Amino acid sequence: MKETLHKIKTFSRSERFKKYAKRFGFTILGLIAILLLAYGGLSIYFNQNKTEIIAKINTKINENINGKFHIGDFHYKFLTGFPNFTLALKDVEIKDNKWDTHHHTLLKANEIEARLNVWSLLRKEVNIHKILINDASIYIYKTKDGYTNSDIFKPKKKKSAKKSETETTIDEIYLNQVHITIDNKLGNKLFDFDVHSLKSKVDYDDDNWNTNLFLETKINSLAFNTVHGSFAKEKELKGTLAVTYHADKQKIDVSTKDLKIGSDAFDIIAFFNIGKNNSLFGININTRILWQNASNLLSGNISSKLNRFDLKKPIDVNCDLKGDLNVHDDPKIVVQALCRDNELTIPDGRIDKCSFKGIFTNNFKPKNGFNDPNSAIILTRFSGEFENIPLTMPQMVINNLEKPIATGIVSSDFDVERLNEVSNEKWIHFTEGHAKANLKFQFDIVDLYIKKPKFIGNVDVDNASFHYIPKNVQAVKTNIHLNFTEKALFIKQIAYKHKMNTIFIEGKIDNFLNLYYDAPEKMLVNWKIYCPNIDLKQFLGVLASSQKKKAEAKKSAKPTISNHLRNVIEKCAVVIDIKADKINYNKLTATNTKASIQMLDSKLVIKNGSLHTSGGNITFSSEIVPNGKNYAFNSNAQVNRVDIASFLKSFNNFGITSFSPKNIKGKLTSKANVNGFINSQGELITNSMHGKLDFNVTQGALLNFEPIMKIGKFAFPLRDVENITFSDLSGHLNMRGEQVDVNNLTISSSVLNIDVDGVYSFGRGTNLALTIPLRNSKNDASLTKSEREAVRERGIVLHLLAVDDNGKMKIKWGKKNK
């Protein structure tokens, strides 16, 4: 190797090498001189034959157009495009013959370079192999009647094979800063591009050709229907397209890989039929793209809706467009998307861990055209978590994008504690339980928000424990089974446990799906309730809170599932048919209780109530209404032969302090129409009652009653005033809060008879007139009623007054009103 390098080095220094190098240098200089002389000769030739060459160009162009061709100026570019002859045309305009009607110039260019074949030019033939268009505008216009200014080009005449070598062909086309507009009034389409650069080298095969076209452009409009707006508006497009023209089919095929539209890459396969009687086209686009980027590539009527949604991660998308360039309608659009483990944002919230296969089509029913009313979004194999609630849908269809309606089947299986995250209002709090749902749904979408969802199917909740905060109601181990039908909601097998109470509930709500949204105040919930054992005081919290709290409740800017449900609960009417084996209220214990209860916007109405207690029975009807911190009640009751001592003890002696239930015994029968107040603990508020009470006691006795014993000590020392039995104890009371009007209170006893009239006060103001015959009435019980009345006031009669004395009862002589 060293020997070879040495020989080369020695040869390069020899005189022989220097001689050859000198000759080679002169040869190169000679060739350059010849080229300069040749192109100088071409320049001289052009200047000498300029008029003839331009005439030939005009002739060549005018032979192929039906219109007007104008060149402002032209000149020869020395050495540009060697070995071809480059001619630069300035201020070029091409107009069709109907320009005066539509005023759209087909071509207007500041400069067009035409590269002509030198040898053809020397034979005085014009053969253009390359066109460069700089700083130009191209406007292709089609009228509503089908005429287009691009028809300016005449069809080629078929030439014989012998003359084919002189056929003018344009092998290369370059565009630089060219504005291209394709305005199709017939098809209501507008394509508008700012072409920064276009390079195309064409390979011909007879009338067929193909090219790899490099394109860098801005899309101003890609409107397949100008009413709905442009696809890919204001987006930059850059890439290389493989374009093939089939002359026999008059069809152009286009394909590209990694074509950049904006910041995203697309694989595209397309075809365009360009025959007069066939203008069908098809474009298939495949990409992986962010939702918002994809939406912004679509026309305004679609993107305005899709932009209200978003997906955090890119999705796989395939878009297929098929249409007719000469038809006013939109093309047929089918978009398919594949989403995996994504985050979907919708106007009503966010769906996490979202996966689905989605299809958009604007031709849902094939015979109804390509438009918004016939558009649909179809989601299959959908899964995700909405506000922490897992959802699965085999298929959902959103049909008619002008008035969208969504239909499908949704299933869910989750622990109910997840419901705590549904509402920020914290009106209900779950601590345990499990829920399953399988529902067929339909709902309207108004301004892209879910409105009036309707469901058919089942919801099952087992072992749920919760705290209903507005009423301070807590429940444990509650089971709920709901069956939604088109006509009603059936509530089955609810087992509600609260403290020591258990309630079994079944119910029905007619016309539930309509009234739930449109008129919850008209909704009637029918309950059937069975209670083995219940303490009523623990359930007063079921009634609504005070009206003040309602007034202070804030209205949500947008209705949610949570606050709408709360609104329905507060407004709906509830009718309850209740049966209880045992009911406790204070010290009252009742059995075999039945009643019909209505809950009407905070008011509790009890009808046809009946119960057994204290050895007798009571029938009643009542109304209970929240009033501030308390509850106002209005009640009608019929008491039949209850043990009076037990009954009075159950109701804390109705606030009477002058005697206690241990002072009296017997069977009480009464009829009452009273109203008053109960506090939030279920206790009767003393002195709050108003109304009328008629009563009668049979088999009665008065035991150790201090006021009578005081009288008996000096008036009847020989009679048993500590144990007084009654043949008649009846009266009529008019309750006025703190005071009670005592009318015709008749006491027929074993000691004496007493008639009482006047006012009894729970506080101050007692003024009772007592009429007391002194005769011994011990044996009156054996007399008939008429006989007792005849002898009642024989003998000495005392007239006494029981009056208030500093909060104590004082007995003195006197008659009523004296």
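This passage describes the overall make-up of a predicted model and the surroundings of Glu172 and Lys130. In this predicted model, local features require pLDDT of at least 70 and side-chain atom pairs count only at pLDDT 80 or more, whereas totals for chains, interfaces and linings use all residues. Residues are numbered from 1 along each chain as its sequence is written, and side-chain values use heavy atoms, with hydrogens and water left out.

The chain contains 12 helices and 37 strands, both being DSSP runs numbered from the N terminus (helices, H or I, at least four residues; strands, E, at least two). Of its 818 residues, 43% are buried, that is, under 20% relative accessible area with a 1.4 Å probe and protein chains only.

Glu172 lies in strand 5, which spans residues 172-184, and Lys130 lies in strand 4, which spans residues 128-142. Glu172 counts as buried because its relative accessibility is 18%, and Lys130 likewise counts as buried because its value is 14%.

When neighbours within four places in sequence are set aside, Glu172 is in contact (heavy atoms within 4.5 Å) with His129, Lys130, Ile131, Ser200 and Lys201. With residues up to four places away in sequence likewise excluded, Lys130 touches Glu113, Ala114, Arg115, Ile170, Glu172 and Tyr174. The side chains of Glu172 and Tyr174 are also joined by a polar contact of 3.4 Å; such a contact is a pair of N or O atoms within 3.5 Å, of which, within protein, one must be able to donate a hydrogen and the other to accept it, and residues adjacent in sequence count only if both atoms are side-chain atoms.

Conventions: Buried < 20%, exposed > 50% of the residue type's maximum accessible area, 1.4 Å probe, protein only.
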